[in-house]
Amino acid sequence: MAESNVHFPTDYNLLWDSARKCIDMVTRLQERNNLPGWRKIKNWRVDLKNKMRARKPIG
């Protein structure tokens, strides 16, 4: 058996993954169905990432 670094998910990581995937899904739905009113979707992901970085727990 080989040793490896296993990344165990934390609440923080699960929150980030779920929010990111929600934005990705909305983006795909918007592109496929040409839904109006989603002009800021790219900014949402950048904004979410910046907020998550600012709140990242230490340790």
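In this predicted model, helix α1 is followed by Asn-34, a residue whose phi is positive, near 50 degrees. Helix α1 itself covers residues 11-33. At 1.5 Å a residue, its 23 residues should span 33 Å, and the C-alpha atoms at its ends do lie 33 Å apart, so expectation and model agree.

A convenient way into the packing is the pair of numbers used for any such arrangement: two packed helices are described by the angle between their axes and the distance between those axes. For α1 and helix α2 (residues 41-54), the angle is about 175 degrees and the axes are 10 Å apart. Because angles over 145 degrees count as roughly antiparallel, α1 and α2 are roughly antiparallel to each other. On the α1 side, the contact is made by Tyr-12, Leu-15, Trp-16, Ala-19, Arg-20, Ile-23, Asp-24, Val-26 and Thr-27. Helix α2 contributes Ile-41, Trp-44, Arg-45, Leu-48, Lys-49, Met-52 and Arg-53. By character, the residues of this contact divide into 10 nonpolar, one polar and five charged.

Burial along α1 completes the picture. Tyr-12, Asn-13, Trp-16, Ile-23, Asp-24 and Gln-30 are buried in this helix, and what covers the buried residues of α1 includes α2. Gln-30, placed in helix α1, deserves a separate word. Its relative accessible area is 18%, and since buried means under 20%, Gln-30 counts as buried. With its neighbours within four places in sequence left aside, Gln-30 is in contact with Leu-35 and Trp-38.

Definitions and conventions: Residues are numbered from 1 along each chain as its sequence is written. This is a predicted model: local features need pLDDT of at least 70, side-chain atom pairs count only at pLDDT 80 or more; totals for chains, interfaces and linings use all residues. Side-chain values use heavy atoms; hydrogens and water are left out. Axes are lines fitted to C-alpha atoms, for helices over the stretch in contact, and angles run from 0 to 180 degrees between N-to-C directions. Helices (H or I, at least four residues) and strands (E, at least two) are DSSP runs, numbered from the N terminus. Angles under 35 degrees count as roughly parallel, over 145 as roughly antiparallel, 65 to 115 as roughly perpendicular and the rest as oblique. Contact means heavy atoms within 4.5 Å. Ala, Val, Leu, Ile, Met, Phe, Trp, Tyr, Cys and Pro count as nonpolar, Asp, Glu, Lys and Arg as charged, and the others, Gly among them, as polar. Buried means under 20% relative accessible area, exposed over 50%, partly exposed in between (1.4 Å probe, protein chains only). The expected span of a helix is 1.5 Å times one less than its number of residues.
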